[in-house]
Amino acid sequence: MAVAVDVRLPTVLRSQAGGQSIVTVKASTIGDVLRELVSEFPGMSGQLLNDDGSLHRFVNVYVNDDDVRYLESLETPVREGDEVSLLPAVAGG
Amino acid sequence: MASHRSILDLVGNTPLVEVSELSPNPAARLFVKLEGQNPSGSVKDRVALAMVEDAEKAGLLRPGEPGQVLIEPSSGNTGIGLALVCRVKGYHLKVVLPSNVSPERRQLLEVWGAEIIESPGGEGSNGAVRMARDIAADHAEWVFLYQYANPANPRVHYEQTGPEIWRDCPEVTHFVAGLGTSGTLLGTGRYLKERNPSVQIWAVEPPAGEIVDGLRSLDDGFIPPIFDELGGAAMLDRKTVVRPRESVEWVRRLADSGVFAGLSSGAAMAGAARCAVQLPPGAQAAIVVVCADAGWKYLSSGAWTGDIDEVAERARSTIYF
């Protein structure tokens, strides 16, 4: 069932969302969250998802700070009150 | 006690200390591996020495010959480790360093005589990598070891860090370390999983992508080539983000146990604590955490004594991985 989820956007994506740092979408999985974002903010298209619908290589998506690639990827469920964060892949060292 | 012929002989073989008193779950023991005990003060001494020795074996660097130059992008620790190795061996090092690292990192590079080339802080380490690659392409005569793609980086952890942990804590169930180049996680993780396939590998990262406002788009993201080449996605069991405030809280808790560790160690401990509280009922764990460096380079951050809100806010704009 779709629930309202807050999504934290990194600086690099905020201009596509009218400067907002947190947006709320209705979704039941991470895949829904990303598709909703692209639908609402078409400027994010191509940055979040590839043409085949898979997660873009340089975006990391977290549910309550856990990277969804190591959970159930786009099928990872979201629940009421979960916080989703998007972050660009960044190096260290 | 034996004496050593060179400071470089002291790289690696770091101590493991139990800090289970800090564990949020009595069924989970916690151990920290104190990489700050390396000669230049971080885990990166292992990588720096291995990469330089590899380059010498390959004939890219010739010991004793004057005028040899290396260039490397680093958020600090690899640069500092390389600077020490280069100073001892007589090479000139240029480090491309983001402008928003702690002042102590810059000072330590200066101690070892490295030349600093500043990259825009808003682009984080990604910007340093890009700038170093551009400069190296224009100077084919300089040696570009490139830690993010150099196989000596994960290999030294497979050959040293992993076996040290297995020797000192064969009951290890989880290995937790910061994700920077991915060398520590991939090399150590591969070794531990070969010994015991059920060992879980947890990566901890800072929310650095929140502050890198200099990136134009997500296409400026960066994944270290070694991560892809060595199947990093399949090696890691979990990846978690730890925010600055939690990192500071955990360096303070480590201090309660007498462990003086850097901010990325605080983040790694926070990740280990999450791991401990998520254990299934009845499970026992021995969680080994890499403390990548000691606290010295973070004294100016006020991490131990300052108002925690102010310290966390300052840490938000400083690169510490």
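What follows is a dialogue about reading a predicted two-chain model.

Me: Let's start with the overall picture. How many helices and strands are there in chain A?
Reply: Keep in mind that this is a predicted model. Chain A has 2 helices and 5 strands. Read from the N terminus, its elements go β-α-β-α-β-β-β.

Me: What does the radius of gyration say about chain A?
Reply: The trick is to set the value beside what a compact globule of that length would give. For 93 residues that is near 12 Å, and chain A comes out at 12 Å, so the two agree. Along the principal axes, its C-alpha atoms fill a box of roughly 35 × 30 × 25 Å.

Me: And how much of chain A is buried?
Reply: Buried residues account for 41% of its 93 residues. You can also ask how far along the sequence the contacts reach. In chain A, taking contacts with a separation of 6 or more, 49% are between residues 24 or more positions apart.

Me: Now the same tour for chain B, please. How many helices and strands does chain B have?
Reply: Chain B comes to 11 helices and 10 strands. Its radius of gyration is 19 Å, close to the 20 Å from the globule rule for 321 residues, so chain B is as compact as a globular protein of that length. The box around its C-alpha atoms is roughly 60 × 45 × 40 Å along the principal axes. Of its 321 residues, 55% count as buried. As for contacts between residues at least 6 apart in sequence, 74% of those in chain B link residues at least 24 apart.

Me: Back to chain A for its strands. Which strands does β5 of chain A pair with, and in which sense?
Reply: For a strand, look at its partners and then at the direction of each pairing. Strand β1 of chain A (residues 3-8) runs parallel to β5(A), with 3 bridges joining them. On that pairing, A:Arg8 has A:Ser85 as its bridge partner. Strand β3 of chain A (residues 59-63) runs antiparallel to β5(A), with 5 bridges, and there A:Asn60 stands opposite A:Leu87. Strand β5(A) itself, residues 83-88, is mostly covered: 5 of its 6 residues are buried.

Me: How do I read a whole sheet, say the one with β5-β4-β3-β6 in chain B?
Reply: Write down the strand order, then find the edges. Here 4 strands form an open sheet in that order, with parallel pairing. The edges are β5 (115-119) and β6 (143-144) of chain B, each pairing on one side only. Strand β4(B), residues 92-98, is joined to β5(B) by 5 bridges. One register point to click on is B:Val96, whose bridge partner in β5(B) is B:Ile117. A helix packs on this sheet too: α2(B), residues 77-89, touches β3 (69-73) and β4 of chain B, and its direction makes about 170° with that of β4(B).

Me: What sort of unit do β7(B), α6(B) and β8(B) make?
Reply: For a strand-helix-strand stretch, check the handedness of the crossover. β7(B), helix α6(B) (residues 183-195) and β8(B) make a right-handed β-α-β unit. Strand β7(B), residues 174-178, pairs with β8(B) in the parallel sense over 5 bridges, with B:Val176 partnered by B:Trp202. β8(B) is also joined to β9(B), again in parallel, by 4 bridges; in that case B:Val204 has B:Thr240 as its partner. Strand β8(B), residues 200-205, is mostly covered, with 5 of its 6 residues buried.

Me: Where is B:Phe260 found, and is it buried or exposed?
Reply: For a single residue, count neighbours. B:Phe260 is in the loop between α9 (244-256) and α10 (263-277) of chain B. It is partly exposed, because 18 other C-beta atoms lie within 10 Å, and buried would take 20 or more. Leaving aside neighbours within four places in sequence, B:Phe260 contacts B:Ala255, B:Ala294 and B:Gly295.

Me: Last one: how many residues does each chain give to the contact?
Reply: A common approach to interfaces is the accessible area lost when the parts come together. Here we have residue counts: chain B gives 35 residues and chain A gives 21. On the chain B side, the elements giving two or more residues are α4 (124-138) and β9 (238-241). That side divides into 15 nonpolar, 14 polar and 6 charged residues.

Terms used
Residues are numbered from 1 along each chain as its sequence is written. Chains are lettered from A and ligands numbered from 1 in the order in which they are written. This is a predicted model: local features need pLDDT of at least 70, side-chain atom pairs count only at pLDDT 80 or more; totals for chains, interfaces and linings use all residues. Two residues are in contact if their C-beta atoms, placed from the backbone, lie within 7 Å. Ala, Val, Leu, Ile, Met, Phe, Trp, Tyr, Cys and Pro count as nonpolar, Asp, Glu, Lys and Arg as charged, and the others, Gly among them, as polar. Two strands pair if DSSP finds at least two bridges between them. Axes are lines fitted to C-alpha atoms, for helices over the stretch in contact, and angles run from 0 to 180 degrees between N-to-C directions. The radius of gyration is taken over C-alpha atoms; the globule rule is 2.2 Å times the number of residues to the power 0.38. A residue is buried if 20 or more other C-beta atoms lie within 10 Å of its own, exposed if 12 or fewer, and partly exposed in between; C-beta atoms are placed from the backbone. A crossover is right-handed if, with the strands pointing away from the viewer, the path from the first strand over the helix to the second runs clockwise.
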